[in-house]
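Please open the structure in your viewer and keep the selection tool at hand. The tour below moves from one selection to the next and says what is found at each stop.

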Amino acid sequence: DQTCAAEKRRRRKRGLYPDPDKRVFINSLVCEGCGDCGVASNCVSVQPLETEFGRKRVIDQSSCNKDFSCVNGFCPSFVTVHGGALKKGAPVSGDGLPDIPQPQIAALTGTHELLVTGVGGTGVVTVGAVLGMAAHLHGYGVGIIDMAGLAQKGGAVTTHIKIAPKPEDINAIRVAAERADTVLACDIVVAGSQKALAAIRPGASQVFVNTHEFYPGDFTRDADFTLPSRQLAEAIGERAGAGKAHFIEAQRLANALMGDGIATNMFMVGYAWQHGGLPLSRDAIHKAIRLNGVAPKMNITAFEWGRRTAHDPASVELAAGIRQTPDMPADDLETLVSRRADYLTAYQDAAYAERYRAKVEVVADAERRLAPGGSGLAEAVAKSLFKLMAIKDEFEVARLYSDGAFEKQLAETFGRWEKLEFHMAPPLLARRDEKGHLIKQRFGPWMMRAFKLLAAMKGLRGSWLDPFSRTAERQWERQLLADYEELLSTLCGTLSADNHAVAAELAAYPDKIRGFGHVRQAQAGPALAERDRLLEAYFGSQPAELAEAAE
């Protein structure tokens, strides 16, 4: 038995629970996106980070419960930051901006049924309490029930609220199917659930949705889990009817305007109120926020920014220093290859990068000649070959910590820190457990000097002077690259329009091989099995020489 994560955060805010003066940070450049940290911690504060080089991981510092179990994932990208103060942007006051008109709030003649949905730990229950108090200040009757269930951090939470002219007008408090007048959806996943959709009255309910993607617990078990946000939005919009559903990326705006994502839900309250979705006065909501007593200035400011966003989103984006951008087209092959060649030059040297370029060009030429009109094979090769050529060995991990990019990442997250602690398992130093796996150790700030020294020795990589080249892991990785290059030669000689699609899928199999040490080798098993299956589909039967290489 232990205090739950959400309760820990509540108590820490009130100074009633120990708050360790340290935080965990992930060096995204080192991270392989294998997901072992999620397996080790089962924590939804480990969120995805989409980058040029694939999906990585990032710690959501606002929801982290500081149990530090994520560092147990077998990965050298985890750093403990002692004495780290989170860098929060200064709130944007909005002073000097023109006043915005008050919305038309319809008189409350019957019972107004409101459903608030979100995830645990973000203040959904607090929103319900504030709105309930605002209704009480009006002299209305109000009933509230929180359907929290197992609302651990990231779990679904719904608050049912009924507001009526008199208390006796309220019977059952739960908002039944097709009875909601307003749905305040602070999380799009919960809003798209069957129960939340059922509460919407088609053509009548007003629905306000925060489109920010907060990944649920499924992500800790599936590194490739993706939220179907577009489908969820379509389902909500179709259910609500034309003009009844309003979507806004509230988290992004709240972070930029308030310097803290915890302001998101009150931002959503202001957004819904300005659209006429809440039968309460502005003064009553302000007073209820003050009576709640938790960060009243921030919450009132967030409410007002939500109002302004509903009225004039362009002015808010300008004030926040951000803008809503359309989906950008994917990079062309030349750009994709150029970026990776630049990386490989820094990784090893210009000759190594040129070797990469030449191999991708051979495949691209074969695709143009042998499968005219086909696309995707050269791109898959560009990504997969790069992945196998840019293995994060000891030299590369050291470079990615010492070339300045890591310190820049730290400075973007923390205003200050006192000491860094690294969690690694150097193959020449670390002990092994009963399974034969290397055991991670903790290293102090002196590692930054060691990183610089080791990074400067990258020219030894693969030579007889390389102290790591004779380890089983490095030899296995070199064999993976050799096997892949042999596969590319085979594909270029046998490609046709008929087998092009399978070839593109086959060329992408290295993407499934992620992580470090035993985690990487464990993930290689299913990836190589998938390769063999695709080879059989490509040739009809697997070539003997490639079967031998697979073994």
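Begin by selecting Phe 68, which is buried, with a relative accessible area of 17%; here buried means under 20% relative accessible area, exposed means over 50%, and partly exposed lies in between, with a 1.4 Å probe and protein chains only as cover. Phe 68 is found in the loop between β3 and β4, where helices (H or I, at least four residues) and strands (E, at least two) are DSSP runs numbered from the N terminus. The phi of Phe 68 is near 60°, a positive value in a residue other than glycine. Most residues other than glycine have a negative phi. Now add Lys 66, which lies in the loop between β3 and β4 and has a phi near 60°, again a positive value in a residue other than glycine. Lys 66 is buried as well, at a relative accessible area of 11%.

Before going further, note that this is a predicted model, in which local features need pLDDT of at least 70 and side-chain atom pairs count only at pLDDT 80 or more, while totals for chains, interfaces and linings use all residues. Residues are numbered from 1 along each chain as its sequence is written, and side-chain values use heavy atoms, with hydrogens and water left out.

Zoom out next to the whole protein chain, whose secondary structure comes to 22 helices and 14 strands. The C-alpha atoms fill a box of roughly 85 × 55 × 50 Å, taken along the principal axes, and of the 551 residues, 50% count as buried. With contact meaning heavy atoms within 4.5 Å, 73% of the contacts between residues at least 6 apart in sequence join residues at least 24 apart.

Select strand β8 (residues 156-164), which is mostly covered, since 8 of its 9 residues are buried. Strands count as paired if DSSP finds at least two bridges between them, and β8 has such a partner in strand β6 (residues 112-119), joined to β8 by 8 bridges in an antiparallel arrangement. To see this pairing, show Glu 113, which stands opposite Lys 162 in β8. Strand β7 (residues 141-147) also runs antiparallel to β8, joined to it by 7 bridges, and there Asp 146 stands opposite Thr 159 in β8.

Which residues cover helix α16, and how much of the helix is buried? Select α16 and you will find that 9 of its 9 residues are buried, including Phe 395, Arg 399 and Tyr 401. What covers these buried residues includes β4 (78-82), α13, α17 (405-413), β13 (419-424), α18 and α19. At the start of α16, a side-chain oxygen of Asp 393 reaches to within 3.3 Å of the backbone nitrogen of Phe 395, and just after the helix, Gly 404 takes a positive phi of about 100°.

Stay with Asp 393 and add Arg 461, since the two form a salt bridge whose closest N and O atoms are 2.7 Å apart, a salt bridge being a side-chain nitrogen of Lys or Arg within 4 Å of a carboxyl oxygen of Asp or Glu. This pair links distant parts of the chain, 68 residues apart, with Arg 461 in the loop between α18 (447-455) and α19 (472-494) and Asp 393 in the loop between α15 (377-389) and α16 (394-402). Arg 461 counts as buried at 16% relative accessibility, and Asp 393 counts as buried at 6%.

A search of the whole structure finds 29 salt bridges, and another one to display joins Glu 52 to Arg 339, with the closest N and O atoms 2.8 Å apart. Glu 52 sits in the loop between β2 (46-51) and β3 (54-59), whereas Arg 339 sits in helix α13 (residues 333-347), 287 residues apart. Glu 52 counts as partly exposed at 31% relative accessibility, and Arg 339 counts as partly exposed at 37%.

For a pair within one helix, select Arg 307 and Glu 304, which form a salt bridge and both lie in helix α11 (residues 296-311), 3 residues apart, about one turn of the helix. Arg 307 is buried, with a relative accessible area of 2%.

Terms used
Polar contact = N/O pair within 3.5 Å; in protein donor to acceptor, adjacent residues only side chain to side chain.
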